[in-house]
Amino acid sequence: MMALLALASAVPSALLALAVFRVPARACLLCFTTYSERFRICQMFVGMQSPKLEECEEAFTAAFQGLSDTEINYDERSHLHDAFAQMTHGLQELAAAQGSFEVAFPDAAEKMKRVITHLKEAQACIPPCGLQEFARRFLCKGCYSRVCDLPLDCPVQDVTVTRGDQAMFSCIVNFKLPKEEITYSWKFAGGGLRTQDLSYFRDVPRAEGYLARIRPAQVTHRGTFSCEIKQDQRPLARLYFFLNVTGPPPRAETELQATFREVLRWAPREAELIEPWRPSLGELLARPEALTPSNLFLLAALGALASVCATMLVWMFFEWYCSGS
């Protein structure tokens with residue numbers, strides 16, 4: 001019987017709590033304090049069974065309604081949580097000193113407004129694309145966080161080069177990236193296709209880092225290159241570059257080379273589009289700046305071999321001529 005009476009007495013209290021806090025969690029007060037903490041403070045102000053409990057609770061939430069639309073930098077949540085913890089402790093001290101909640105609650109709300117104004121502001125989103133964690137903010141109206149409402153896919157950038165020249169792509173965004181666990185992956189959609197549909201892209205496994213280049217650029221490289229920036233496997237942004245290769249073939253592209261490549265069924269492999277430049281002999285002669293140490297060594301070796309062969313031929317001819325005499 002006593003248990004039933006206790007249960008019956010607990011029901012009105014629960015209904016009272018639901019009635020008082022039936023509004024959604026839309027103020028910073030409701031995000032950083034619990035119902036039991038607020039109820040306990042009111043009990044300390046007006047008494048455990050006072051008829052003014054409901055009035056006290058309503059006054060508590062009403063005093064903080066001005067903070068319902070507050071948005072703060074996400075990294076400042078811990079500071080705001082500490083400020084509310086100090087506030088509740090201060091209210092408890094005022095209640096113990098027989099203070100008035102009609103005065104204490106508005107004063108506490110004003111102090112919290114001043115605290116919020118001194119917090120680091122939420123940073124603005126930088127268009128047009130990307131998951132920008134640095135701009136994440138916390139909303140008291142709902143007690144949740146959100147980032148910029150921007151797409152992951154950035155607009156396609158046009159890159160035009162002359163056939164035989166170098167094409168360079170920079171996978172750089174205009175917003176701040178995290179400092180750790182950043183990776184870059186490259187894909188290619190060939191056939192002159194300008195697209196952002198990932199189903200058309202294939203991996204370029206040899207490409208890594210935020211810079212990529214193709215040299216010499218050929219007509220077969222015409223298409224869309226994509227770079228995806230990730231942090232710990234989470235995509236942050238996808239950049240697209242449409243490469244248009246124009247102009248006549250380079251001088252080194254002779255009929256003999258074309259015939260030789262046809263015999264060998266030569267074709268540039270899309271999986272190795274972005275790779276170190278290996279120029280032909282004609283390109284080396286036409287581009288002195290391309291004479292790398294390895295190429296110079298190769299030319300010296302070829303020259304030495306030609307010299308040896310010429311010496312052997314002269315010696316054999318001399319021997320043959322002398323033996324005939």
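Visitor: What makes Phe-105 count as touching other residues, and which ones are they?

Guide: In this predicted model, Phe-105 touches Ile-41, Cys-42, Phe-45, Cys-56, Ala-59, Phe-60, Ala-63, Phe-64 and Leu-91, leaving aside residues up to four places away in sequence. A contact needs heavy atoms within 4.5 Å, so each of these residues has a heavy atom within that distance of Phe-105.

Visitor: Which residues have the most contacts inside the largest nonpolar core?

Guide: They are Phe-64, Leu-80, Phe-84 and Phe-105, in a core of 30 residues. At least two residues each come from α2 (28-32), α3 (35-46), α4 (53-63), α5 and α6. Of these, α6 gives the most, with seven residues.

Visitor: And what does the second core include?

Guide: That one is separate and has 27 residues, among them Val-161, Phe-169, Ile-214 and Phe-225. A nonpolar core is built from buried residues, so these four are each under 20% relative accessible area.

Visitor: Now to the surface. Why is Asp-232 called exposed?

Guide: Its relative accessibility is 54%. Exposed means over 50%, so Asp-232 counts as exposed. You'll find Asp-232 in the loop between β9 and β10 (234-246).

Visitor: What is notable about the phi of Asp-232?

Guide: Phi is positive there, about 50°, although Asp-232 is not a glycine. Most residues other than glycine have a negative phi. Glu-181 also has a positive phi, near 60°, and sits in the loop between β5 (167-170) and β6 (182-189).

Visitor: Which peptide bonds are cis, and what are their omega values?

Guide: One joins Pro-127 and Pro-128, with omega about 15°. Another runs from Arg-215 to Pro-216, with omega near -5°. As for their places, Pro-128 is in the loop between α6 and β2 (137-139), while Pro-216 is in the loop between β8 (211-214) and β9 (223-231).

Visitor: What about the second largest pocket: which residues lie nearest its centre?

Guide: Gln-86, Met-87, Gly-90, Ala-108 and Lys-111 do, out of 15 lining residues. Two or more lining residues come from each of α5 (77-96) and α6 (101-117), and α6 gives the most, with seven. The space in this pocket is about 250 Å³.

Visitor: How do the lining residues divide by kind, and why would Lys-111 be called charged?

Guide: The lining has nine nonpolar, four polar and two charged residues. Lys counts as charged, so Lys-111 is one of the two charged residues in that lining.

Technical notes
Residues are numbered from 1 along each chain as its sequence is written. This is a predicted model: local features need pLDDT of at least 70, side-chain atom pairs count only at pLDDT 80 or more; totals for chains, interfaces and linings use all residues. Side-chain values use heavy atoms; hydrogens and water are left out. On a 1 Å grid over the protein atoms alone, a cavity is a set of points where a 1.4 Å probe fits but cannot get out, and a pocket is an open set with protein on both sides within 12 Å along at least five of seven lines; lining residues have an atom within 4 Å of a point. Grid points are joined across faces, edges and corners, and a volume is the space filled by probe spheres set on the points. Helices (H or I, at least four residues) and strands (E, at least two) are DSSP runs, numbered from the N terminus. A nonpolar core is a set of buried Ala, Val, Leu, Ile, Met, Phe, Trp, Tyr and Cys residues joined through side-chain atoms within 4.5 Å. Buried means under 20% relative accessible area, exposed over 50%, partly exposed in between (1.4 Å probe, protein chains only).
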